[in-house]
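Trainee: I want to go through the salt bridges in this model. Please show me the structure.
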Amino acid sequence: MEVPVEVDDAELHHHVALYVPLPPLLRLDVLPFLMLYTTFTACMMQVHEGQGFVVAFAIVAFLHALAFFSSEWSVDIKAWIAYTRFPITSANLETCAFPRGIAVKIDPVSAILPKELCPLHWNADAKKVKTKTLMIPSVWFSYQKLRFCIYPSHDSKKMCFQRLSYPTALTLEQYARKTGYTSAQEIDVAVARWEDNEFDIPIPEFWELLKQHLVAPFFVFQFFCMLLWCLDEYMYYSLLTLAMLVLFECTVVKQRQSNMELLRQMRRPAVRIMVYRMSKWQEISSRHLVPGDICSIGRSKPIYVGQDMSEEVVPCDVLLLDGTCVANEAMLSGESIPLRKEMLDVSHYTPKSTLNIDDGSAMKKHILFGGTKVLQFSPSESFGRIPAPPNSGCIVYVLRTGFGTTQGNLMRTILFSSQRVTANNMESMWFILFLLCFAVLASGIVLRQGLLDPTRSSFKLFLHCVMIITSVVPPELPMELSLAVTNSLLSLTKLNIFCTEPFRIPFAGKVDILCFDKTGTLTSDDLEMHGVAGLATTSLVKLDNPLHLVTPKSLPTEVQVILAGCHSLMVINGKIMGDPLETTIMSHIKWHLRPGDVAVPAMSFKVDPLESMMMSPQSWQMRHGNGMGSGQPFLLGPKSVKIVHRYAFSSDLKRMSSIVVLEDSSTSVKLLSKGAPEVMESLFTKVPAFYTKVYRYYTQKGCRVLALGSKSLSTNDLQRVKTFSRTDMERELDFGGFLVLDCPLKRDTSAVISELKASSHSLVMITGDNPLTACDVAKQIKMTGYSKTLILQPAAATSVDWIDALDETVPPLPFDIAGVPSLSQSYDLCVTGAALALLSPDELRAVSSHARVFARTSPAQKESIVDALNQQGFFTAMCGDGTNDVGALKRAHVGISIINNPEKSRQPSSEGGHMVKFGDASIASPFTSKQPSIKATTQILCQGRCTLVTTLQMYKILGVNCLITAYVLSSLYIYGVKQGDTQMTMVGVLIALFFLFLSYAKPCDKLSAQRPLTRVFCASMLFSIAGQFLVHLTSLVAALNVALPYVDLDDPAMHPEAKFHPNVLNTIVFLISLLMQVNTFVVNYSGAPFMESFQDNRLLVRWTGLAYCIVFIALWEVFPPLNDMLELVFLPSIDAQLQLSAIMLADTGAVLGFERLVQWLTAKYPGVMA
């Protein structure tokens, strides 16, 4: 009984099929054609007259070649021609008995990913080689470096492949009990299951890659065209074009090999690492680590002499079981702020909790990801089950290795996206089909005229008609499309902008809406602490106005303790590292952070020395109080504050807390907390009457405001803290004031925003900050322009209202989806995350296209906003700097990750061009900028516009030249107009170099208000092509009238099938058509405002000047050897030369004027023309 075959994976279609190769003689591209060849050969030996068999033989040979190459172009056709379906049975599964060469046809869900026939592998001994907890796959295949497996215990009634599983979803108790592999058999099974911890990137042989390129559809098509030209006596032209194509393919192959070699060099070399196996610590290569291993992250040892060990890099994804680490995860998030990684503590989670390392999970703080850098590690005193490692490192559990890691995911992204360096494939195909219609029409004219002439050869007529049709696609097209994107990659790399998905570069030229994060992206990380508001007293005097800001030097003891003890900072190599906000706070309050999470005051609290000598501590306490109110005693201040537990900042909770021990004459324990004022309000036991007034006052000024709180704990609470939930701990807090900080704008933020607004882009801010603060910053940078702002906030459990941002007396406006567009014409609209949660998908789409500020949004909401814009047909760009932006960065068409604290910049390698190093690229987004400025957005958009315009102007040049060629090869061919082999060769070289120099155009330094065309099929493009062709057609007809009096059309040499013979008609048509092709490049060069002007492209200017010189030197016969070389005859009279010169000048002037008119109309009426 046949068993269904499936793949259980989100990236692949569910149903797949197994195929086995046919014997060579039974292939559909062998057996049928072999029979036909044999039949035709036998018939030809019997029949000696007629050409019917020759033509039939040629048709069969053509169909045979088409069948063979089609199997190389399409996986579906290959499976139909060379394979047969294999019905799998349960017996096959149980015995692992499969025929040799069996393969799985994979059909990915995404259209970007290719279909493949993946060889099937199996291990008949898989059932015998297993342990209690591990099995090796019995059947598997590999697709883009990912393995999909079936295990021996699989249900034999269904063959369902699953992605190779890793031990990433066990219960936390299971991880805590792990002691590594205890036998050699377990290790052997683990190695057989997961293989080595390395990135295996084999570099194919040059000839193997070249073969792949030579059987590509375009190359085969051009090769076929060259054969046709050879049959029509254009041998030199055909060979030159073929050589040019092969040379280009060879350079592409060498480039691919170089890229693969650079990708291999990106791999971190293996190191010697301590691993706990068979109940003892031993040293092995990190290459031999397998999931389930217990190893030590500490000071690794080199494998070879001279190996760079300046950085401690995590070799794979691991779970921290013992100790703490500080890691730099810029590769993952694009954010180079060090992150503290804590050991797994089962008591912090509910029983039977399973590990969850997805984005946004609180358990990510226990994970060290492969490829990230360990800046600092601190082992605990004892892990219990496992002895301390000899290198005194932190004990970790290996979760994933090789391409299964996050580092492997980035490697796969670069490896497989680099093979898609192209632009607008589908659009180019439709455009070529559009031009093909004209070519078919022209060939139909020739065919009709030829059939009326009984002297014409049917073979020659058919050959010429096919040549007209194939002239639609010039050999230079694929080279230009590739060069346009490749040169853009090189330009971006020089700007310290690294791209892992090159095909997105033209998307940057189409961007309609740019979304920005606020903190760290628009504003600087160099924060300024103004002080704390909402206090009753300073450290010495009482305050009457809660709006008064108490400076850091005069803060009460309790407030200083909150600021000094509630943070995520750490000391690494003697330097304080972490969130710039917290670094700023620590520097202002003059506390020192020491290793071990201990903070000590730099000096005694502000106390008058004479007063402290004359008064006892008790008297001092009674006189001054504690600064929070008059009824509590004053504390002279603790000697130190030690953090014993942290509740890390959560984007969902919008707060963080820590439990500290205060060391003084006695030990006390406190919980300290800070967070968003609106979130913290519900956590206070008593909320001051001025609470809302104070924090709104400062947020309206653009300040960042955090509410502070604390509460005392008993030592018993400290011992039982692991048994309490975070929610239980963070409640019944005492209000501690409002921390007020200023996030100054980055130096060039306003200028960049102004440039983007002036360049016809819509701008949106998506931030997790307070809505009032976000709105104020938006006004500062002129992202918003109206005097009034409405904020969409929840009004009830299921409804939302528009609230006036500044005037609370204005009654709220009920939300109405139909009224959003009209409101956006009078107000700046801001939407909060709480309101977003209550909107339907339709309401979200309506709001997303009109609101300019989104505040208090979670990472998931940021992603949903960008997705809503995409669904409305907008091309979006997202610019962010941190982990919270990763989802939106990936969802946008153009995601730009800004690294605010880049390490010392490394010069990119001159080889390989667009290949990057792991410190340069980030898996967070397709584009990573090593400059902390949003200037990168304008640079990417400028380059994107340049690439897009270059591509479109190539299509326009292709269209005009195609129509001219079709006319010359059809209508003028009837008059006997032909071109010589040398002429065709010279024109081929000329055009190829024109395209080459065209691709060297650099983008303009500044974005323009005019938007580029984004589509080939638009009124501007089609009107321009049609108009230019009509001008050139008129010139050709006029030139033909100049030439006809000097030729005898009844001359046998003028017969369409006669061999090429130089004459006046051929000479005039060659010169005028050559000038037209040069004019086509000059006229359609876009230049400003999207790329450098024609005059600034020096190579193109010089080559154009040389081309014009050649035309007029040949016309006026200044240098006769040139005419002889080009097979041109001397024109019979000065009058003919003058007339032809006038036609050329008129053609140049007319086509230039017409194109300028089209450009003016496009700029004035973009809605119609674009």
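Mentor: Start with R340 and D597 in this predicted model. Their side chains meet in a salt bridge, 3.2 Å from N to O.

Trainee: What makes the R340 and D597 contact a salt bridge?

Mentor: The cut-off is 4 Å between a Lys or Arg side-chain nitrogen and an Asp or Glu carboxyl oxygen. R340 and D597 are at 3.2 Å, N to O, so the pair qualifies. R340 sits in strand β16, and D597 in the loop between β25 and β26, 257 residues apart. Both R340 and D597 are buried.

Trainee: How many salt bridges does this rule give?

Mentor: The count is 31.

Trainee: What is the N to O distance between K518 and D769?

Mentor: K518 and D769 form a salt bridge at 3.0 Å. K518 lies in the loop between β21 and β22 and D769 in the loop between β32 and α25, so the pair ties together parts 251 residues apart in sequence.

Trainee: Why is K518 called buried?

Mentor: Buried means under 20% relative accessible area. K518 has 0% relative accessibility, so K518 counts as buried.

Trainee: And why does D769 count as buried?

Mentor: D769 has 6% relative accessibility, so D769 is buried by that cut-off too.

Trainee: Which residue does D769 form a salt bridge with at 4.0 Å?

Mentor: That partner is R856. R856 lies in the loop between β37 and α29, 87 residues from D769. R856 is buried.

Trainee: What joins K518, E678, D769 and R856 into one network?

Mentor: Salt bridges that share partners join these four residues.

How values were computed
Residues numbered from 1 in each chain as written. Predicted model: local features only at pLDDT ≥ 70, side-chain atom pairs only at ≥ 80, totals over all residues. Heavy atoms only, no water. Helix = DSSP H or I, 4+ residues; strand = E, 2+ residues; numbered from the N terminus. Buried < 20%, exposed > 50% of the residue type's maximum accessible area, 1.4 Å probe, protein only.
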